[in-house]
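Here are a few notes from going through the model, written up the way I'd pass them across the desk. Have it open while you read.

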Amino acid sequence: MLFLGLALLGSVSYTHLPQEIMPDVELPYLIVQVSGRQEANPEYMEKQAIIPLEGAVGSVEGVSSIESTAEQRGGTIRVYFNQDVNLEYAYLKLLEAINQIAGSIPEEFT
């Protein structure tokens with residue numbers, strides 16, 4: 001009787017559990033891309049464009065980590081945010097921070 005009662009309780013509980021195949025999850029990161037008009041040394045790109053951008057990006061609220069890569073024609077900065085951050089607000093703040101230092105970056109980079 002005990003085994004039958006536990007099996008019945010398990011089957012009733014299983015049918016009432018909510019199931020989601022694809023949960024509604026938002027990945028909390030944004031990407032900033034830097035491109036050059038012509039090929040450049042990755043070290044030059046890092047010093048002239050990526051490091052100043054990382055400094056501006058680091059001042060945005062809710063940033064948990066920053067990863068960057070530099071290549072001959074461009075660079076990428078990945079900005080990871082905390083889980084509780086509103087990404088639309090973070091995007092606007094990130095854009096504002098980038099626009100503030102855009103004048104200090106050489107014109108060969110966009």
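The points below go from the sheet to the helices on it, and then to how the helices meet.

1. First, a reminder that this is a predicted model. The sheet is an open one of three strands, ordered β1-β3-β2, and the pairing is antiparallel. β1 (29-35) and β2 (63-70) sit at the edges, each pairing on one side only. From one strand to the next, the twist averages 15°.

2. Have a look at the β2/β3 pair. β3 covers residues 74-81 and runs antiparallel to β2, with seven bridges joining the two. If you want a register mark to check by eye, take I66, whose bridge partner in β3 is V79.

3. Now the helices on the sheet. α2 packs there and touches β1, β2 and β3, its direction making about 165° with that of β2. α3 also packs on the sheet, touching β1 and β3, and its direction makes about 25° with that of β1.

4. How do α2 and α3 pack, in angle and distance between axes? α2 (residues 42-58) and α3 (residues 87-101) make an angle of about 140°, and their axes are 9 Å apart. Angles over 145 degrees would count as roughly antiparallel, so with that angle α2 is oblique to α3. The crossing of α2 past α3 is right-handed.

5. Which residues make that contact? From α2 it's P52, L53, A56 and V57, and from α3 it's L94, A97, I98 and I101. By class, that gives eight nonpolar residues, with no polar and no charged ones.

Methods:
Residues are numbered from 1 along each chain as its sequence is written. This is a predicted model: local features need pLDDT of at least 70, side-chain atom pairs count only at pLDDT 80 or more; totals for chains, interfaces and linings use all residues. Side-chain values use heavy atoms; hydrogens and water are left out. Axes are lines fitted to C-alpha atoms, for helices over the stretch in contact, and angles run from 0 to 180 degrees between N-to-C directions. Helices (H or I, at least four residues) and strands (E, at least two) are DSSP runs, numbered from the N terminus. Angles under 35 degrees count as roughly parallel, over 145 as roughly antiparallel, 65 to 115 as roughly perpendicular and the rest as oblique. A crossing is left-handed if the near helix is turned anticlockwise from the far one by less than a right angle, and right-handed if clockwise. Contact means heavy atoms within 4.5 Å. Ala, Val, Leu, Ile, Met, Phe, Trp, Tyr, Cys and Pro count as nonpolar, Asp, Glu, Lys and Arg as charged, and the others, Gly among them, as polar. Two strands pair if DSSP finds at least two bridges between them.
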